[in-house]
Amino acid sequence: SAATLLWRRSWPMVAFASAVALVVINAALGYPVGGIQYPVWIGLYTVLASADRQRQVATIGLAMAAIAGYVALDRGRVDVDVAIGISLQFSLAVLSGEIVRTRRALAAAERLRLLFGAREEAATREQTVLQERARLARELHDALGHAVNVMVMQAGVARHVFDERPDFARAGLGQIETLG
């Protein structure tokens, strides 16, 4: 029975069904159940902790059929203590499996939330950088446009006064050179 747990991670349904079959066969042959039942509960927990709803329902159905088969085929008397023990172990396996499955789902949802939050934050940072670049480009465009306009005006004035006031024209050309 314990050997069925070797497949618990890779084939949980196979491990669970094998453990169930061994308990029912053991009961039908008239042997006491004892420790042979624990791999069934571990297998039930494992399947319920990792399966989708459809597989969970099928697993619980198989567990109920196994319990019914054990009660029907057991050659010994099934008293209240045994029924209570089976009920408690069944409930514990089902609740534990559901709790672990729910916690895993919540952890996966939290990881996705953090991932999307990080992506959104990165997109916001990139958008901020692009806006800053656009602002700087507009300012640079305005500054260069103003400088070119000043240079054009100074060149025009220097051309008009070059013959009459050559010192003023040279000063204007020097300012164009500096500004350029």
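Q: How much area does the chain expose, and what share of it do carbon and sulfur atoms supply?
A: The chain of this predicted model exposes about 12600 Å², with 65% supplied by carbon and sulfur atoms. Accessible areas come from the Shrake-Rupley method with a 1.4 Å probe, and for residues only the protein chains shown count as cover. As the model is predicted, local features need pLDDT of at least 70 and side-chain atom pairs count only at pLDDT 80 or more, while totals for chains, interfaces and linings use all residues. Residues are numbered from 1 along each chain as its sequence is written, and side-chain values use heavy atoms, leaving out hydrogens and water.

Q: Which elements does the chain have?
A: Five helices and zero strands, where helices (H or I, at least four residues) and strands (E, at least two) are DSSP runs numbered from the N terminus.

Q: Why is it more spread out than a compact globule?
A: The radius of gyration, taken over C-alpha atoms, is 41 Å, well over the 16 Å that the globule rule gives for 180 residues, so the chain is more spread out than a compact globule. That rule is 2.2 Å times the number of residues to the power 0.38.

Q: Turning to N26, is it buried or exposed?
A: N26 counts as buried, at 12% relative accessibility. Buried means under 20% relative accessible area, exposed over 50%, and partly exposed in between (1.4 Å probe, protein chains only).

Q: Where does N26 lie, and what is it in contact with?
A: N26 lies in helix 1. Leaving aside neighbours within four places in sequence, N26 is in contact (heavy atoms within 4.5 Å) with Y31, P32, V33 and I36.
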